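Hi there,

Here is the structure I promised to pass on to you. Please have a look, and then read my notes below.

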Amino acid sequence: MYPEYMRPSLEKVAQTRNKRFELEKSGKPVFPPMNAEEREEVLNKFHPDYKPAARRKIRIGPNKDEHITTEVADMLESHSRIKPEFFDLTKPDYETDILIIGGGGAGCAAAILAMQKGAKSIISTKLRLGDANSMMSQGGMQAAVTAQDSPTRHYLDAMGGGHFDNKPDLVRALTEDGPEVVKWLEDLGVVWDKLEDGSLQVLHGGGTSRKRMHSCRDYTGAIIMRTLMDKVRNHPDKITCLEFMPIVELLLDSKGQCAGGVLYNLETEEYFTVKAKATIIATGGYGRLHIRGFDTTNHYGATGDGLVMAYRAGAKLLYMDSVQYHPTGSVFPEQIAGFLITEKIRGAGGQPLNKHGELFVFPREPRDVESSAFIRECLEKNNGIETPSGRLGVWLDSPLIEMIQGEGYINKQFPAMHRQFIRYGIDITKESMLVYPSLHYQNGGIEINDKCETNIPGLYVAGEATGGAHGRNRLMGNSVLDYNVFGRRAGIFASDYIKSVKISALTLNHITDYDDELKKAKIKTDLITPVLLPSYTPEDVRKRQLTACYEGTLR
Amino acid sequence: MATQKTAKKKPVKQAKSKSPKNDTKKTMATVFIMGKSHEVPADATIMGAIEYAGYQIIRGAGCREGFCGACATVYRMPGDYKIYTGLACTTLVEDGMWLSQLPAIPAQKPVYDIDKLDPNVATFQKIYPEVFRCVSCNSCTKACPQDLEVMDYINAAMRGDIEAVMDLSFDCLSCGLCAIRCPSEIVQYNVGLLGRRLYGKYLSKESKQLKKRIKEVKERKFDKEYKEFKTMKKEELKKNYYDRDTE
C-alpha cells in the first residue's frame, strides 16, 4: 500500500490517464523519441557510466592501461583463491570432453548441443542448475519472425541500441539465428505466447522498430530455463552436473591451450581438478558487485567469476567500461527495491510519468537512454517521488495497459508482476508502480568471435560473460536470444574442436605469473577472487567475526 | 473448472506507511531461525532476516525475486498448530516466527526423451504413475507459495488434459513445497514441467510464418543486406538507423 503522502501524485496520474490513452490510440509516439544529439547529451550528463569515478585504468593483464568500470578493475586486480603448488596436475580428479562453467541458459544450451554432437560434458555450477539470470528474465526474447520484420532490421536496431560499437559478425549471428532458436525452443517444449491461429504473439521493446518480443507470460526465462534444465537432466550419460561446485581457476596446458579448471566444493571446501579438451565459460554477469552502489536485478551468484578466471589466463576483455542499468527497477516497497519490472510492461503500453503525472520521455528508448532520462527527471528536474526510505522514483503507469489491451490483460500476461506487488497491497491493475534504474547487465565481457572462440585456444565463452554482441548497450530481449544463440554455437564449435586437439601437460603457471604482475605493478590488495557470493552481513555482525585466520572458506 | 480453495492462507502483512525521512527507530521482531532466537527488522523478508542475523547463505537463495524456487521455507507461529510455507525472498517475518529453510527437496526426476513421448494420459501413467495415487487432499495447493491450483493440475494430468496442466502449472517455480506436503508422494512440479513440455512441443499450434522465415534464412535471403550493412561506414549506418520507420 502506498503511503498517504503519495496519494496526490497518484491522483494526478489517474487524472492524466484518459488523455494519455487517447494519445496512445492515435498511433503516433506518445512522446517525441530523441535524436542522436539528444541521446548523447542525456547519456553524458546522467548515465552512471559517465561519472568520473565510474571508470579507472586497469594496471595489469591483457587490457592493461584501458579505462574500465572501477569495481571490475578492483575485482581483476586481486589474488587467486589457490596456490598452484598445492595441486598435483598429473592426476586430474575428473576428465571430460568439454567443461562447461555455469549452469544457466548458455551453459545448458551448450551442453545440449555438445551432447547431440556426441561430446561428453561436465557442467560446473556455483549454486543449483538454473540459478542464473536466465531464470529471471520476464519480458521475452527478440527474434525477427513477422512478415514486416527481418533479421537485418533486427541487426540495425541492435547496432543503433549499442551505439554502433557492436561487433558486426556477432550481431549477424545473434539476429540471423533468432528464428531458428524460437523453433528449437518450441521443439524442446517451450510454451510461447501465441494468437488463436498459431502465430507468435509479439510486442515492442525499447529501441525496436518492429514488434519482435516473444514471451511466455512474464515467466519467459523461467519457462525456457526449466525446459533446458529438464533436457540436460534427461541425458545423465552424457552430461554430468556438479552443483555448488564452482570452477575457481582455469587450467592451461604447456602449449597455452585451455584444458579445464579447478573446482571448489562450496560445502566441504575441497578442491578438485578437471581436465577437459575444451572449456566453455558461461558464468553470466556481475550485478552482485553492486556497481556504483546500485541495487541489482541479478541473481545471488552474479559476481563476474568467469571474467577474472579468464583474465588471469590471458583472455582479452571488450567493453568492460559499460554497465547496463535497467530503467524500471522497483523502488517501493523497500523489500523489493531493485527488483526487475519487465520491459514488457512498456511494450504493452505502460508509460513512465513524473510526480505531476506527465510523460517526460518516449517510453521505449534504448535502455541506457531511458534510464538516463529517469535519472534526469529525478535529480535535475526534481520531478521524482521520494519513498519513505529516501529513494527516488518515477511512476510506471500499468493501469493504462488494461485500457489499451483490455481488462484482464495484466493478470494473464503479467502474473509475476501482479504477484510481486499484491503481496504488499499494491494492485498494479489499479495503481502505478514506482521505479528507478537498477543494475541489470554486463554489456561487455570476454571477447569472442562468432564461433564463441577467444584468444586462448580451447576456451569458448557464451552468454552474458561475453563482450561485443551488444556494443555498449544491449536492447531488451537480446540477452535471452544471446544465451541461446551463443550457448548453442559454443556447444557446436567446441565439439568440433575437441576432435583434433591434443592436451599436453597441465599447468597453473598463469596464476603465479599473474600474482607476480600484481607485485611488479605494486598493487596492494586483500581481495581474493572469484568473489563467488556477495555478503549481506551487517557491519556490527562483521565486527564480531574475529576468527584470525581462515583456510579456504568464504569469509 | 478451478475448485474453490479450502486452504486458509495467512493474510499478507501490509508494509507500514511512513513519510519520507521520518524514519524513527526501526521496529524489531523476534524470530527463531532453525531454533535460534534473533532480533531482526520487523519489515524484513525471511531472507533479509537470515542475512541480517549474520548467516552467509549458500543453499537457500537463488534469484531472490520469486522466480527460481531456491528458498522454500517452512514455519510455525506461536500458539498455532498449523505449518506454513513460503519463499524466503518474498515472505515477511512476523514476531515469534519459527522458521527453517529447506536446502534441497528430495525428488526423483525420471529420465525420458521428449521426442519419443505421446501427449496423452498414458505418458503420465508411464512416467509418473504415482500421480494416480492422489487422494485429493489439496495439501499441495495449500502449500503453494504462488497460489497455484496444484491439485487441479494433478487431476488434469490424470485425465490427460495437457492444456490444463500447462495452464495451471505455468507459473510454477519448482520450489518443491507441494511435494514435501503430499501424502501420496507425488512430485507435482515435475509433473507440471512434463505437461508444459508436451504442450509446447506437440499441442501448441504451429506458426506458419516462423517456418517460412527459417526457410528464408536457410536460403540465405538476407546475405546481401547483411554484407551491405557490414561494409557500410558508421555515419551511413547511423543515418539508416535514425531514418528507419517504426511499426
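The domain assignment of chain B gives domain 1 (28–101), domain 2 (114–203) and domain 3 (210–241); such bounds come from an automatic or database domain assignment. The C-alpha centres of domain 1 and domain 3 of chain B are 52 Å apart.

A word on the basis: this is a predicted model, where local features need pLDDT of at least 70 and side-chain atom pairs count only at pLDDT 80 or more, while totals for chains, interfaces and linings use all residues. Residues are numbered from 1 along each chain as its sequence is written, with chains lettered from A and ligands numbered from 1 in the order in which they are written.

In chain A, the assignment gives domain 1 (4–50 + 328–439) and domain 2 (79–322 + 443–507). Their C-alpha centres lie 31 Å apart, and their contact (C-beta atoms, placed from the backbone, within 7 Å) takes 26 residues from domain 1 and 28 residues from domain 2.

Now to helix H2 (residues 36–46) of chain A; helices here are DSSP runs (H or I, at least four residues), numbered from the N terminus. Its buried residues (20 or more other C-beta atoms within 10 Å of their own; exposed means 12 or fewer) are Arg39(A), Val42(A), Leu43(A) and Phe46(A). They sit on the same side of H2(A), because they cover an arc of only 100 degrees around the axis, taken from the directions from the helix axis to the C-beta atoms. Glu37(A) and Asn44(A), on the other side, are exposed. Helix H11 (367–379) of chain A is part of what covers the buried residues.

Best wishes

How values were computed:
Helices (H or I, at least four residues) and strands (E, at least two) are DSSP runs, numbered from the N terminus. Two residues are in contact if their C-beta atoms, placed from the backbone, lie within 7 Å.
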